[in-house]
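User: I have a protein chain open in the viewer, and I would like to learn how to read its features one at a time. Could you take me through some of them, giving the general idea before the case at hand?

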Amino acid sequence: MFSDSSTDDEALSVEAMTFGSQYCQNRKKVKSNQNSNQQPSTSSLDYNTEQSEELDYKSTLNNGIRNKVQSVSKSKQTSSQHLRPFERLDFGKWKLPNNFGVVVNKILQKRGNLSEANLSLVCRRVVDSIEEFSLCPCGNSLRLVVQQMFTTYPSTLINPKEPVASSQAIVGKLQRILSRRRQAAGQTLSTNGGRPFLENKISYLDPGIHSESAGNADDNLDMASYKINYEKLIKLYKDSGSTGALKSLCKLTFKGRRYEITKGYITSPEDILKTRCPLLNQQHYLYAELDLILGSGTCKNFKKKWEDIVPVVIAVARKFHKKTGVKKILNRYQSSIENKCFESESCAVLELLPVIISANKRSCTAGDYFFDVHEDSSNIASAIKKHKRETPFILKIGDTSYTVIVDSTIPFIESACSTEALLQLISVYYVFDIQWCKKVLPTLRFIRTIVMRLEDDVPTQCVSLDLFIVQFKKMYDLMYAVDSDVIDSDA
């Protein structure tokens, strides 16, 4: 096993220079004090003073270096338990791939020389052979690999006039390929050893993270009483019981229901409606459930905030975004936007968001997984089957019919207003603890962050979303003439 100690030597030299600079500063202070006091002193006294100071400096320097060496050795011992160091390649066992010469000759026959793309192919073949023995070969081993490659196959030498530069270029390419493969394999290395494996951080403010998405899940619930109560609720609902009794039983069974849903014991919205709470496909009870999950007033604030946000999004789209898809949507709603028709503006924004902050730039149908628009003459059954959609979405038929579809088959809940439809969609995600649809994940996170004001420190990992939020906040400040912090408070 071999590890490069160059960084440790640099650290020690920096430490020594630090102690040296401190000593020089102390010397200057002593001399300045002596000159200011102008006390008589003999040369022998000055010599003794300097000698004692020099001894103090040397002992301090030695102690500092000794402590640094001990700390480095301790950090090496602790880090070696978690990090994989670089190692020498066993050249007694390692050899270039058997088909390496065939690959090089084919490229030369077709191209005449090694281009950048062909060189990458050759380097990947070399890394394939190295990977069998180690993903962490040291720099010296890689240089020996390249040297052997040049010796066996001189045609791989990019620039025969500058063999050193050619060797450095190929070694760098091999290191980058190995770094990516270490990343994919999850091998975290020190700062000397390539990039670490990047884990997707989970935001527990998003729905669908079982056992974590709701703080209401209690492991000490009386499940026997909960079962009795939800059976009463179902029976009372079938018998068309009083509204007051239904409301109280729905609230009484909330914690048990959240426990089962967030723990993943029951996941299908259809099963939850049939066996736990048949009221959750009604707007009043659905909103009440969301308020219990995210806090009182969530639904009321959502509607109010959406009214403020819609014109800002349209202004941002007009000013900053020139995509063909964005222009088509704006042109289609142009007359309604000019007449300040909020319902049309809201629909325009629901279509614009998945286009502006798309999770996949190549996907032109992402909006169908969020807000799917059809004409009056369209059949709802055929519209639902347009795509295989496992997550909830809004289906708009005509101008005033909005339906939230769940499980690609169930017309779950209907409304005549786009704001209500959007709130119903978000409520379905949270109430039934369904993970955000990945095709429109940036759009849903924008709604969560800006409209619902549920923010955390987890990075979005979406450049288009980060950029859009910056543009949005600037435009919001211009339109409402407020400080940027006001966007996160009740207006």
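Analyst: Let us begin with a single residue, D372, which lies in strand β1 (residues 371-374); please keep in mind throughout that this is a predicted model.

User: Is D372 buried or exposed?

Analyst: The idea is to ask how much of a residue's area remains accessible, where buried means under 20% relative accessible area. D372 has 1% relative accessibility, and therefore counts as buried.

User: Which residues are in contact with D372, leaving aside its neighbours within four places in sequence?

Analyst: Contact means heavy atoms within 4.5 Å. With those neighbours set aside, D372 touches G367, A383, K386, R389, F393, I394, L395 and K396. Within its own strand, the side chain of D372 also makes a polar contact of 3.1 Å with the side chain of H374.

User: How should I read the length of a helix, for instance α5?

Analyst: One compares the distance between the end C-alpha atoms with the span expected at 1.5 Å a residue. Helix α5 (residues 139-152) has 14 residues and should therefore span 20 Å, and its end C-alpha atoms are indeed 20 Å apart, which agrees. Helix α6 (residues 163-185), with 23 residues, reaches 33 Å from its first C-alpha to its last, close to the 33 Å expected.

User: Which residues of α5 are buried?

Analyst: They are S141, L142, V145, V146, M149 and F150. In α6 the buried residues include I170, V171, L174, I177 and L178, and also K173 and R182.

User: What is the phi of D433, and where does D433 lie?

Analyst: Here one looks at the sign of the angle together with the residue type. D433 has a positive phi of about 55° although it is not a glycine, and it lies in the loop between α17 (418-431) and α18 (441-451). R453, in the loop between α18 and α19, likewise has a positive phi, near 60°, and is not a glycine. As for accessibility, D433 counts as buried because its value is 5%, whereas R453, at 22%, counts as partly exposed.

User: Which residues make the nonpolar surface patch of about 300 Å²?

Analyst: That patch is made by L478, M479 and Y480. M479 belongs to helix α19 (residues 463-480) and, at 39% relative accessibility, counts as partly exposed.

User: How many helices and strands does the protein chain have?

Analyst: The protein chain has 19 helices and four strands, and 40% of its 491 residues count as buried. Its accessible surface comes to about 27500 Å², with 50% belonging to carbon and sulfur atoms.

Conventions. Residues are numbered from 1 along each chain as its sequence is written. This is a predicted model: local features need pLDDT of at least 70, side-chain atom pairs count only at pLDDT 80 or more; totals for chains, interfaces and linings use all residues. Side-chain values use heavy atoms; hydrogens and water are left out. Helices (H or I, at least four residues) and strands (E, at least two) are DSSP runs, numbered from the N terminus. The expected span of a helix is 1.5 Å times one less than its number of residues. Buried means under 20% relative accessible area, exposed over 50%, partly exposed in between (1.4 Å probe, protein chains only). Patches are made of residues with over 30% relative accessible area and no salt bridge: like charges are joined within 9 Å, nonpolar side chains (Val, Leu, Ile, Met, Phe, Trp, Tyr) within 5 Å. Accessible areas come from the Shrake-Rupley method with a 1.4 Å probe; for residues, only the protein chains shown count as cover. A salt bridge is a side-chain nitrogen of Lys or Arg within 4 Å of a carboxyl oxygen of Asp or Glu. A polar contact is a pair of N or O atoms within 3.5 Å; within protein, one must be able to donate a hydrogen and the other to accept it, and residues adjacent in sequence count only if both atoms are side-chain atoms.
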